[in-house]
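This report covers a helix, a chain contact and a single buried position. Please look at the sequence and structure below before reading on.

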Amino acid sequence: MDWTKQLGRYIVVMLLQVLLFDQLQLLGVCHPYIYILCLLMMPITLPHSVDMIIGAIIGLVMDVFCNSLGIHTAACVLLMFIRPYLIGVIVNDKDRLNEQITLRAIGMEAMIKYVIILVLIHHLTVFALGAWSWNHIGFVLLETLISGLVTISVIIGYNALKYK
Amino acid sequence: MQTLIKILLRYGNFLVFFALEVAAFMLISMNNAFPRSSMLSTANEFVAWQHEQISNITGYFSLRTQNEKLAEENAALRNYICSMDSAKNREDIHYLNAKVVQMTTDELHNYLTINRGSKDGIVRGQGLRNEEGVVGIVRTVGHNYSVVMPIINTNTNISCRFTKNDYIGTLQWDGKDIRFALLADVASHMVVNPGDTIITSGLSPVFPEGIPVGIVESSLLKEGASYYTIKVRLHTDFKRLKYIEVVQNAHQNELEELTNGLD
């Protein structure tokens, strides 16, 4: 997959995020941030620092849409910082990592571990920075768990359908 | 010099990570301390335009309730004509109608965006009300749109008073239920009963005196505490908020300059 396709997918995912998932104000604790799908599936061919700068830009765009200047930026940079180390730990067969990171490339077990860990780290960072106080810690954890579950299902589901 | 380059090469990635995180945290703290640039918030023309389109589509689904609300408002306005409410009858206060194009209600820091900006004379710090009661305070102003901090944002403080004895308190929100807010700074010697009416105090230039805020739902005085914990049922229904009025005080600048001079 080349970079124009990556950009196309980012635009579609961002539209889904803003038009559909941001409108879901159902349970009060469910704010899935599915836009990180693009960051999670990005190839790891670029230098690590460029990866983090892309993360910062994508986070900043999300911040503008939800009035939370800096919060998504911080979370996405953290996510992109951890990503290569995490792949190094959980993926055994590194020959197949030249393309993007998909279910087909790294296998079911590694993919599930990879997605769960990074989504929960990202969501916890966003909600904790948003609350900015220990008083709401229970609420933050609940929000992370429920929203994370939705995001994880969307990302794994997308992979299961497209990259079986 | 060579060792410096070696260090940079070795820890370059971590330094980039650190620099980006520092920048992000600076943005977050800026966000809390200063008025944000209108480019980087929902007052941004494109983002607000997009929210307005969504709101135009979803608006059709609430036409029936909106009609009912307009009818109620008509009735309320007729009552106003009869009673000549003192808050509505001041020459230095001007009301400008506006429409909510985007809002969140289920976060700790909720915001709403309105379709009025600096071209309509909106400035930071103006108050907003609707026919039910107080809504919030203008936070960030763009050319065509503005972002508002409603009562249901944990950073909002609004000065209020009891109608029965003019006792003053500060209205805040605890982030739990959008139907209720808390009234702080009410000392324990006061007698608070459920059903007491709360209105704006008129002590700040943001709101004139007498805009309805809510009714006391319950009050709690913890043992040894010198202040009440008062739960106020808000008149404003934030789940159905659509049309609001901006309170434009002709003397706001003068009043603010006077109080700023005291610091």
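## Two sides of helix α2(B)

Phe46(B), Gln53(B), Asn56(B) and Ile57(B) are exposed on one side of α2(B), where exposed means that 12 or fewer other C-beta atoms lie within 10 Å of the residue's own, buried that 20 or more do, and partly exposed anything in between, with C-beta atoms placed from the backbone. The buried residues of this helix are Val47(B), Ala48(B) and His51(B). They lie on the same side of α2(B) because they cover an arc of only 90° around the axis; the arc is taken from the directions from the helix axis to the C-beta atoms. An α-helix has 3.6 residues a turn, so residues three or four places apart point the same way.

Helix α2 of chain B runs over residues 45-59, 15 residues in all, and spans 20 Å from its first C-alpha to its last, close to the 21 Å expected at 1.5 Å a residue. That expected span is 1.5 Å times one less than the number of residues. The buried residues of α2(B) pack against α3 of chain A and against β1 (93-103) and β2 (112-114) of chain B.

## Basis of the model

The model is predicted: local features need pLDDT of at least 70 and side-chain atom pairs count only at pLDDT 80 or more, while totals for chains, interfaces and linings use all residues. Residues are numbered from 1 along each chain as its sequence is written, and chains are lettered from A and ligands numbered from 1 in the order in which they are written.

## Chain B overall

Chain B has four helices and 12 strands, which are DSSP runs numbered from the N terminus (helices H or I, at least four residues; strands E, at least two). Of its 263 residues, 35% are buried. Among contacts in chain B with a separation of 6 or more, 61% join residues 24 or more positions apart; a contact requires C-beta atoms, placed from the backbone, within 7 Å.

## Where chain A touches chain B

In chain A, 22 residues are in contact with 28 residues of chain B. Helices α1 (3-19), α3 (48-65), α4 (71-90) and α6 (108-131) of chain A each supply at least two residues of that side. The most come from α3(A), with six residues.

## Leu78(A)

Leu78(A) is in helix α4 of chain A and counts as buried because it has 22 C-beta neighbours inside 10 Å. Beyond its neighbours within four places in sequence, Leu78(A) is in contact with Ile121(A) and Thr125(A).

Conventions:
Contact = placed C-beta atoms within 7 Å.
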